[in-house]
Amino acid sequence: MASALLITWTVPVTWSAPRRLVFPFWPVSAPVSLAEGRGLGKMASLGEARGLLLLLVAGAAGGPRYSPDWPSLDARPLPAWFDQAKVGVFVHWGVFSVPAYGSEWFWWHWQGERRADYERFVREHYPPNTSYADFASRFTARDFSPRYWAWLFEQAGARYVVLTTKHHEGFTNWGSPVSWNWNSVDTGPHQDLVGELGQALRERNIRYGLYHSLLEWFNPLYLDDKKNGFKTQNFVISKTMPELYDLVLRYKPDLVWSDGDWEGPDTYWNSTSFLAWLYNDSPVKDTVVVNDRWCNNCSCHHGGYYNCADKYKPGTLPQHKWEMCTSIDKRSWGYRSNMQVNELMDESSIISELVQTVSFGGNYLLNVGPTKEGVIVPIFQERLLSLGKWLRVNGEAIYASKPWRVQMENTTIDAWYTSKGSTVYAIFLTWPESGVLKLPSPIPSSSTQVTMLGFSETLKWEKALYKGLMITLPYVPPSALPVPCCWTLKLEGVA
C-alpha cells in the first residue's frame with residue numbers, strides 16, 4: 001500500500017460518541033498547495049479538508065485484506081444480497097429539478113455548450129442575469145414525504161433504492177461539510193434529504209444506495225486539475241474524497257453508485273485507495289456493493305458489479321454480475337415538466353425489460369425524477385405500482401433467481417427463462433392466439449408439472465413433435481388472468 005498522510009476528521013455530532021479513525025487517505029506525493037475555493041459555494045482549503053475528516057480504522061481483524069489495486073479489489077466476492085434483490089428504484093433529484101427542462105444535464109447544456117434552446121428557455125422563464133445558483137432557493141422539497149416515497153418503492157417491489165446525493169452540478173442533498181452554501185441544508189430545502197430518505201427506507205428494510213458524481217462540471221478546483229492534465233489532485237483531496245468518506249460514515253450505505261468518472265484516471269480519483277478502505281475498514285465493509293464507474297476506462301472492467309453504460313443490454317449472458325439502469329422518462333433521468341406520454345415507458349415495456357435483464361443475470365434499476373417540491377408525479381407512481389402488482393404475482397421467478405442454461409427462445413416465441421434450483425420459470429411476453437404455447441428448450445420427463453403463477457390449476461402439456469413442450473394455457477377471459485401481460489409458467493421436473 002502506498003505511503004499516506006494521516007487525516008483528521010471531526011466526527012458528526014449525530015454520532016453517539018467520537019471515534020478516532022485512521023486511514024491512508026492519499027499518497028504523500030499528492031499536491032498540497034491549494035488556493036481558497038472560488039465560485040459557487042465556498043470550497044474547503046486542503047487544510048480545512050484535513051481538519052474535516054478524522055478517519056481511520058487500523059487493522060480490522062477477520063476476512064481478507066484488499067490492497068488498492070484492481071486485481072485485488074476485483075477479486076472481492078459480491079455481497080449476496082445484491083444478486084438476490086434484482087429490482088431497484090433510482091431517484092434523480094437536485095437543483096436541475098427546478099428548471100425541469102431538457103434533462104438533468106441542464107446546466108451543462110445551458111452554460112457549458114451554450115445551446116440556443118436552453119438559453120432561450122432561461123430568457124423566457126426567468127429574470128435577466130439569472131444564474132444556475134439562483135435555482136437553488138427554488139429547490140424547496142416542500143412536499144417531500146420520505147415515508148410515502150419508501151411506501152411507494154416498497155409497493156413497486158424494489159429491494160433497494162439509489163438516490164442522487166450529488167450530481168455533476170455539485171449540489172449535495174445533504175449537509176456536505178465541503179460544499180458550503182451549495183447543499184440542501186444551507187439552502188433550498190434546508191433539510192438533510194439523504195438522511196431522511198435513508199431512515200424511511202430502513203424502516204421498511206429496503207437497502208439504500210447512494211449515487212455520487214466524482215466530477216463537478218464547473219468547480220474551479222476540478223477545472224484547474226483538468227487543465228493540469230490531472231497531474232494535480234486539489235479537487236479530489238478537498239472535495240471528492242472527503243464527501244465520499246462522509247457519506248459512508250454518516251449513512252452507512254448498502255451501495256455506492258459512482259458516476260462522473262470518465263475524464264480522469266484512477267490515479268487522479270484515488271479510487272482504488274477509497275475502495276480498499278471501503279472493503280477493509282469501513283463500517284459497511286462486509287455488506288457494501290459498488291458499481292464500475294471509478295475512472296476512465298473502468299466501466300465494464302473494474303469495480304463490483306458492472307453498469308457498462310446507461311441502459312446497457314448485453315444481448316448474451318455476461319460472466320460478471322451486472323445492472324441495467326433505465327428511466328421511465330425515456331428522454332431524461334431528472335424531472336421534465338413538459339414530458340409527453342409517448343416519451344414514457346409503459347407498463348408492458350418496463351416488465352418485459354425487467355424480465356430480459358433478470359434472465360441474463362442482471363439487476364433492474366428503474367429511475368424516476370421527482371419535482372423540485374419533492375413530488376413523484378402520478379404517472380410515475382402508476383408505473384411503479386403496476387410493476388409492483390406484477391411482481392407480487394411473478395416475483396417468485398425474479399427475486400433470488402439464477403439464469404437457466406437457456407436464457408431465451410431463439411424462435412418466434414417471445415419467452416425468457418430464470419431458475420431456482422431444479423425449478424425453471426418460463427416468462428412469455430405474448431399470449432399465443434391458439435392458446436397453446438410451444439417451448440422448445442425444456443426437456444420434459446414423466447414427473448414434469450406445469451403451473452402458471454397466480455393461477456391455481458395445473459396446466460396440461462404434451463411433448464412437442466421434435467423437442468420441448470406444448471402447453472395448453474388457461475381458457476379464461478383476459479380479465480381473469482393474474483396479470484395483463486408477461487405471464488410466468490413454473491416448470492418442475494424438466495431438464
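# Salt bridges, cores and surface in a predicted model

Guide: In this predicted model, the side chains of Arg-331 and Glu-343 meet in a salt bridge, with 2.7 Å from N to O. Both Arg-331 and Glu-343 lie in the loop between strand 10 and helix 12 (347-359), 12 residues apart.

Visitor: What makes the meeting of Arg-331 and Glu-343 a salt bridge?

Guide: The N to O separation for Arg-331 and Glu-343 is 2.7 Å, and the rule asks for a nitrogen of Lys or Arg within 4 Å of a carboxyl oxygen of Asp or Glu, so the pair counts as a salt bridge.

Visitor: Why is Arg-331 called exposed, and why is Glu-343 called buried?

Guide: Arg-331 has a relative accessibility of 56%, and exposed means over 50%, so the word applies to Arg-331. Glu-343 has a relative accessible area of 14%, and buried means under 20%, so Glu-343 is counted as buried.

Visitor: Which residues are linked with Asp-83 in a network of salt bridges?

Guide: The network links Asp-83 with Lys-86, Lys-321 and Lys-402. The side chain of Lys-321 meets that of Asp-83 at 2.7 Å, N to O, and this pair joins distant parts of the chain, with Lys-321 in the loop between strand 9 (289-290) and strand 10 (322-327), Asp-83 in helix 3 (residues 80-85), and their positions 238 residues apart. The side chain of Lys-402 also meets that of Asp-83 in a salt bridge of 2.7 Å, N to O, although Lys-402 and Asp-83 are 319 residues apart.

Visitor: How do you know whether Asp-83 and Lys-402 are buried or partly exposed?

Guide: Asp-83 has a relative accessible area of 16%, which is under 20%, so Asp-83 is buried. Lys-402 stands at 46%, and since partly exposed covers what lies between 20% and 50%, Lys-402 is therefore partly exposed.

Visitor: What makes the nonpolar surface patch, and why can Tyr-148 belong to it?

Guide: The patch, of about 240 Å², is made by Tyr-148, Trp-151 and Leu-385, and Tyr-148 is found in helix 6 (residues 146-155). Tyr-148 has a relative accessible area of 35%, and patches take residues with over 30%, so Tyr-148 passes that cut-off.

Visitor: Which residues have the most contacts inside the largest nonpolar core?

Guide: They are Phe-153, Phe-274, Leu-278, Trp-390 and Leu-489, in a core of 132 residues. Its largest share, nine residues, comes from helix 9 (residues 234-251). Leaving aside neighbours within four places in sequence, Trp-390 is in contact with residues including Ile-351, Leu-354 and Ile-427.

Terms used: Residues numbered from 1 in each chain as written. Predicted model: local features only at pLDDT ≥ 70, side-chain atom pairs only at ≥ 80, totals over all residues. Heavy atoms only, no water. Patch = residues over 30% accessible without salt bridge, like charges linked within 9 Å, V, L, I, M, F, W, Y side chains within 5 Å. Areas by Shrake-Rupley, 256 points an atom, 1.4 Å probe, with all protein chains shown as cover. Helix = DSSP H or I, 4+ residues; strand = E, 2+ residues; numbered from the N terminus. Buried < 20%, exposed > 50% of the residue type's maximum accessible area, 1.4 Å probe, protein only. Core = buried A, V, L, I, M, F, W, Y, C linked by side-chain atoms within 4.5 Å. Contact = heavy atoms within 4.5 Å.
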